[in-house]
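Subject: A structure for you to look at

Hi,

Here's the structure I said I'd pass on. Have it open while you read, and I'll walk you through what turned up.

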Amino acid sequence: MTTPPKPKALLQETDKPVRSRARKPRNPAQPNLLLDPMPDRIDPCLALLKPKPPKGPQWAFEVKWDGYRLAVHIEPTGIRILTRGGHDWTHRFPAIKVAAMWLPVGTAILDGEAVVLDEQGRSDFGLLQQSLGGRGGKKSSSAAIFMAFDLLYFDGHDLRISELDMRRHLLEDLVPAGEQGDIRLSEQIEADGDQLLASACELDLEGIIAKQRRAPYRSGRGGEWIKIKCVQSDGFAIVGYEKSTASFGGIGRLLLAARKGDELVYVGGVGTGFNERSAAELREQMDKLIISKPAVDTRRKRNAVFTDPKLIAEIEYRAWTDDGKLRHASFKGLREAADEAVVYEID
């Protein structure tokens, strides 16, 4: 039997401590590894609405979440949670703030959506608004979670110039798939876009998002991200309401307008989607904005109360009529100014 070789000592003189080589003086001509300054705020990349999913392996797909777009800033001085419009809402999402503090990173900016899930695990904009106390409310939401779908800054490095696949790789290390905390990963789904959209619609989801895998992160609506909806959902200005003694809050129908050029045009009304609480809150907001002359011609006089068009309602609808009115419309909630609410524009 062969005797195994005797291992060599780390040093010949084993009674002396192990030391590394002496450090050489740094060459002042050697460049430092530069760190990118952390942006105070980043305007979000916005998805362009399309009727059908794009084709090809260059596209990645995710579920479309129905909530408030947020950026979570993990900074040396603490956590900041900013809305799409740049408003600091850190105090309104305490659970998300605590979850961000526990992420294993020194500095980071996460892009994502604050949502409240229903019993089937679907995001529900109405539930999110209720958890925050309605439009203009000041409540903090303990029910909201943050669905992270992009990483824009990571430990001193600005990732916006990097491809989506690289940003997602780092994000998935930071927020692993399948975790059920208050910050979760919005997972990419490997599937054909048409099949995924059909499945999303069967599950009563809002739709899907397609993103170019090799694209950098660009603020604005440049076409690198595309949204495809199961049903249409957009913001419309409230220009008044019809009274009703038989419905919640005394609201029979909301009167709605879209933007056409520099003007507002009447696009019909909506009389469904309210509950007792949302109707009462909505009536309280509208009664503060009553005006004597309508902002647009609604061709309604009887039982109509006209309001200054400062409130923007998120309306879900199926189609448009031939005369430019919304079909099968349903009220989802009021949009916040902090969310950069915009009124639908008619071409």
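**The cavity and the strands beside it**

Strands E3 and E4 (78-83) each supply at least two residues of the lining of the largest cavity. Before you go further, keep in mind that this is a predicted model.

So how many residues line the largest cavity? There are 13, and the ones nearest its centre are Ile42, Pro44, Leu70, Ala71 and Thr83. E3 gives the largest share of that lining, with four residues. If you sort the lining by class, you get seven nonpolar, two polar and four charged residues. The volume of this cavity is about 100 Å³, and a search of the whole structure turns up one cavity of 30 Å³ or more.

While you're in this area, click on Ile81, which sits in strand E4. Is Ile81 buried or exposed? Its relative accessible area is 0%, so Ile81 is buried, as the cut-off for buried is under 20%. Leaving out residues up to four places away in sequence, Ile81 touches Leu70, Ala71, Val72, His87, Asp88, Trp89, Thr90, Phe93, Ile96 and Lys97. Leu70 and Ala71 should look familiar, as both are among the residues nearest the centre of the cavity. You can also check a distance here: Ile81 and Arg92 are 11 residues apart along the chain, with 8.9 Å between their C-alpha atoms.

Now go to the loop between E3 and E4, where you'll find Thr77. Thr77 counts as exposed because its relative accessibility is 79%, and the cut-off for exposed is over 50%. Thr77 and Thr107 are 30 residues apart in sequence, while their C-alpha atoms lie 9.8 Å apart in space.

**The largest pocket**

Next, have a look at the largest pocket, with a volume of about 980 Å³. It has 38 lining residues, and Ala47, Arg84, Arg221, Lys227 and Lys229 lie nearest its centre. Which classes do the lining residues of the largest pocket fall into? The split is 17 nonpolar, three polar and 18 charged.

Several strands each give at least two residues to this lining: E1 (48-49), E2 (59-63), E3 (68-75), E9 (207-212), E10 (225-229), E11 (232-243) and E16 (312-317). E3 is on that list, and you met E3 at the cavity too.

**Two loop residues tucked away**

Loops can hold buried residues, and here are two to click on. One is Ser123, in the loop between strand E5 (108-115) and helix H2 (125-131). Ser123 counts as buried because its relative accessibility is 18%, which falls under the 20% cut-off. What does Ser123 touch, not counting residues up to four places away in sequence? The list is Lys64, Trp65, Asp66, Val115, Val116 and Leu117. Zoom in on Asp66: its backbone nitrogen is 3.0 Å from a polar atom of the Ser123 side chain.

The other is Ala215, in the loop between E9 and E10. With a relative accessibility of 6%, Ala215 counts as buried. Again skipping residues up to four places away in sequence, Ala215 touches Ser162, Glu163, Leu164, Arg167 and Glu224. Ser162 is 53 residues away from Ala215 along the chain, and 7.6 Å separates their C-alpha atoms.

**Two residues with a positive phi**

Asp204 has a positive phi of about 60° although it is not a glycine. You'll find Asp204 in the loop between helix H4 (193-202) and E9. With a relative accessible area of 56%, Asp204 is exposed.

His328 is not a glycine either, yet has a positive phi of about 50°. The loop holding His328 runs between strand E18 (326-327) and strand E19 (330-334), and at 57% relative accessibility His328 counts as exposed.

**Zooming out**

Finally, the whole protein. It has five helices and 19 strands. Of its 347 residues, 47% count as buried. The accessible surface is about 19500 Å², and carbon and sulfur atoms hold 50% of that. If you take the contacts with a separation of 6 or more, 67% of them are between residues 24 or more positions apart. The contact between Ala215 and Ser162 is one you've just seen, with the two positions 53 residues apart along the chain.

Have fun clicking around!

Conventions: Residues numbered from 1 in each chain as written. Predicted model: local features only at pLDDT ≥ 70, side-chain atom pairs only at ≥ 80, totals over all residues. Heavy atoms only, no water. 1 Å grid on protein atoms, 1.4 Å probe; cavity = no way out; pocket = protein on both sides within 12 Å on 5 of 7 lines; lining within 4 Å. Points joined across faces, edges and corners; volume = space filled by probe spheres on them. Nonpolar A, V, L, I, M, F, W, Y, C, P; charged D, E, K, R; others polar. Buried < 20%, exposed > 50% of the residue type's maximum accessible area, 1.4 Å probe, protein only. Polar contact = N/O pair within 3.5 Å; in protein donor to acceptor, adjacent residues only side chain to side chain. Contact = heavy atoms within 4.5 Å. Areas by Shrake-Rupley, 256 points an atom, 1.4 Å probe, with all protein chains shown as cover.
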